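Let's take a walk through a protein chain, from its overall layout to its charged pairs. Have a look at the picture first, then read on.

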Amino acid sequence: GWIDNWRAVSGEYGPEWNFDDGQSQVFYRRPRERVDAAVAKILKITQPIHGRAWNLKPSPKPMTADPQIDPKEAMKGMVIQIADHWQNADIDGQWEEYLPHMATYGTIIARRIVGYKEAPTRMERLLNKIGDKKPKPQVKFFRCFDVYPDPDAKNIKRMGYVHIRHILTAHQLRDLASMPGSGFDKDQVEALIEAKPDGNWYAEEFETAMRDDRKTGKYVVFE
């Protein structure tokens, strides 16, 4: 499982391992070597030192809305525009951050923020840090542990929903509740914060196993 993968890469034995007195408990961290090598190889392919890992070219029989437009010149403009959005969305930076996650767990989850957002949703503004003055396409990566797909779906095309777990501070939760049309009741949010000043977050199994269980004062919101 994913927790076993984390232990292997982190150099830790699971609770099922028992050692007698005098036995060595040294963990040979070969999995970490393999993960680092995989990350380096993928980065070499996806982020070459010179040029880009992708490109566009016109189809054999290109068609444009305006016959006077040169397809090759139009394609150059598209490449520049895509590269600009790619840089603005910091795709390379996010990829570098989450690639070790993929190499460790064999899973990476990304969501494309659909279209050129002129009116981002309340969750997208707060949780994905999308501004409403400079709309642009973005990509958001998530940890596999924080994504809960429809358990009744037999394949990805039949999923009715996907829930994403976010951990917020009291300030972020208040900001979310104060957004117009958010659907959150400000009074209820304030009552929750007053009743649970240390947050309503509790450690999931994976957080306890990975010792990621120090989130006092945080609140859980499912998107």
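A residue is called buried when its relative accessible area is under 20%, exposed when that value is over 50%, and partly exposed in between. Keep in mind that this is a predicted model. With 33% relative accessible area, Trp86 falls in the middle class, so this residue is partly exposed.

**The layout**

The chain has eight helices and five strands. Starting at the N terminus, the order of elements is α-α-α-α-β-α-β-β-β-α-α-α-β. Of the 223 residues in the chain, 26% are buried.

**Inside**

Which residues make up the largest nonpolar core? There are nine of them: Leu168, Ala170, Leu173, Leu176, Ala177, Val189, Ile193, Tyr219 and Val221. Three elements, α6 (170–178), α7 (186–195) and β5 (218–222), give at least two residues each to this core. Helix α6 provides the largest share, with four residues.

**On the surface**

Back to Trp86, which sits in helix α3 (residues 71–88). Together with Leu56, Met78 and Ile82, Trp86 makes a nonpolar patch on the surface, and the four have about 320 Å² of accessible area together.

There's a charged patch too: Asp90, Asp92, Glu96 and Glu97 gather into a surface patch of negative charge. One of them, Asp92, belongs to helix α4 (residues 91–105). Asp92 has 32% relative accessibility, so Asp92 is partly exposed.

**Salt bridges**

The chain has nine salt bridges. Here are some of them, with the distance between the closest N and O atoms:

| Acidic partner | Basic partner | Closest N and O atoms |
|---|---|---|
| Glu33 | Arg30 | 3.2 Å |
| Glu73 | Lys76 | 3.5 Å |
| Asp146 | Arg165 | 3.6 Å |

Why are Glu33 and Arg30 separated by about one helical turn? Because they are three residues apart in helix α2 (residues 30–46). Glu33 is partly exposed at 43% relative accessibility, and Arg30 is partly exposed at 33%. Glu73 and Lys76 are also three residues apart, this time in helix α3, so about one helical turn separates them. Glu73, at 45% relative accessibility, is partly exposed.

Now for the salt bridge between Arg165 and Asp146. This pair links distant parts of the chain, 19 residues apart: Arg165 is in strand β4 (residues 162–169), while Asp146 is in the loop between β2 (138–142) and β3 (147–149). Are these partners buried or exposed? Arg165 is buried, at 4% relative accessibility, and Asp146 is buried too, with a relative accessible area of 11%. Salt bridges with shared partners also tie Arg143, Asp146, Arg165 and Glu207 into one network.

Notes: Residues are numbered from 1 along each chain as its sequence is written. This is a predicted model: local features need pLDDT of at least 70, side-chain atom pairs count only at pLDDT 80 or more; totals for chains, interfaces and linings use all residues. Side-chain values use heavy atoms; hydrogens and water are left out. Patches are made of residues with over 30% relative accessible area and no salt bridge: like charges are joined within 9 Å, nonpolar side chains (Val, Leu, Ile, Met, Phe, Trp, Tyr) within 5 Å. Accessible areas come from the Shrake-Rupley method with a 1.4 Å probe; for residues, only the protein chains shown count as cover. A salt bridge is a side-chain nitrogen of Lys or Arg within 4 Å of a carboxyl oxygen of Asp or Glu. Lys and Arg count as positive and Asp and Glu as negative; His and the chain ends are not counted. The place of a charge is taken as NZ of Lys, CZ of Arg, CG of Asp or CD of Glu. Buried means under 20% relative accessible area, exposed over 50%, partly exposed in between (1.4 Å probe, protein chains only). A nonpolar core is a set of buried Ala, Val, Leu, Ile, Met, Phe, Trp, Tyr and Cys residues joined through side-chain atoms within 4.5 Å.
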